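Q: I'd like a close look at one part of this model. How much space lies in the largest pocket, and which residues are closest to its centre?

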Amino acid sequence: MRVQAAIDAILLRLERDLSRNLFYHSVAHTRDVLARTVELAELEDITDPEDLDLLRTAAAYHDSGFLINNRDHERLGCKLARAELPAYDYTEEQIERICGMIRATKVPQKPRNHLEQIICDADLDYLGRDDFYPIGRLLFRELKAFRLLETEAEWNALQIKFLKAHSYWTETNKKVRAGRKEAYLEALESRE
């Protein structure tokens, strides 16, 4: 597998071709998820080189479906991975594992194995980080741009509902992110 070449190519396409209204689902988000995926894999004791390569590739492709459409982007991201990754010497089996990881990030998340849990937690890592509010504002701007909501009150209600339904999957994020996420939920609920 030519992993870095595949990752570099999809990141370049995301940077160049994503809608400018994707304030949250931007190449910056993909880079953040990629970095956190690598960190989490290490903290979760993933040592198999192939698993690490597949995780990194899945993280790079996890929102690539937005290049086609902002609906059902996980399925579309798998379609792109299936079309593009053979040129980088990925096998059909490796691509299917990558697609499993991409599909697992669809909300509500339903990871079926440890690697899928890692990418799910990396994708929503910000929910328990210091940059929760600035990243949330980017998502609010994006949802407004696509006319999926209009007011800050709608946004706060959506965040509360989302935070209540969300759980981290990995032991690492349960320890280092869940408490902060709960504090954000309490703060949002106290505003109502």
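A: Let's start with the overall frame and then go into the pocket. This is a predicted model, where local features need pLDDT of at least 70 and side-chain atom pairs count only at 80 or more, while totals for chains, interfaces and linings use all residues. Residue numbers start from 1 along each chain as its sequence is written, and side-chain values use heavy atoms, with hydrogens and water left out.

The protein chain has 10 helices and zero strands (DSSP runs numbered from the N terminus: H or I of at least four residues, E of at least two). Read from the N terminus, that gives α-α-α-α-α-α-α-α-α-α. Along the principal axes, the C-alpha atoms fill a box of roughly 50 × 35 × 25 Å.

Now the pocket itself. About 850 Å³ of space lies in the largest one. Here a pocket is an open set of points on a 1 Å grid over the protein atoms alone, where a 1.4 Å probe fits, with protein on both sides within 12 Å along at least five of seven lines; lining residues have an atom within 4 Å of a point. The volume is the space filled by probe spheres set on the points, which are joined across faces, edges and corners.

The lining has 32 residues, and closest to the centre sit H25, V107, L139, L143 and F162. Helix 4 (73-84), helix 7 (132-145) and helix 8 (152-165) each put in at least two lining residues. Helix 8 gives the most, namely six. By residue number, L139 and L143 belong to helix 7, and F162 to helix 8.

What's the chemistry like? The lining splits into 17 nonpolar, seven polar and eight charged residues (Ala, Val, Leu, Ile, Met, Phe, Trp, Tyr, Cys and Pro count as nonpolar, Asp, Glu, Lys and Arg as charged, the others, Gly among them, as polar). Of the residues closest to the centre, V107, L139, L143 and F162 are on the nonpolar list, while H25 counts as polar.

It's worth checking the runner-up too, since the linings share residues: V107 and F162 turn up in both. The second largest pocket holds about 160 Å³. Besides V107 and F162, its lining has P108, Q109, L124, K161, A165, H166, S167 and W169. That makes six nonpolar, three polar and one charged, the charged one being K161. K161, F162 and A165 fall within helix 8, the helix that gives the most to the lining of the largest pocket.
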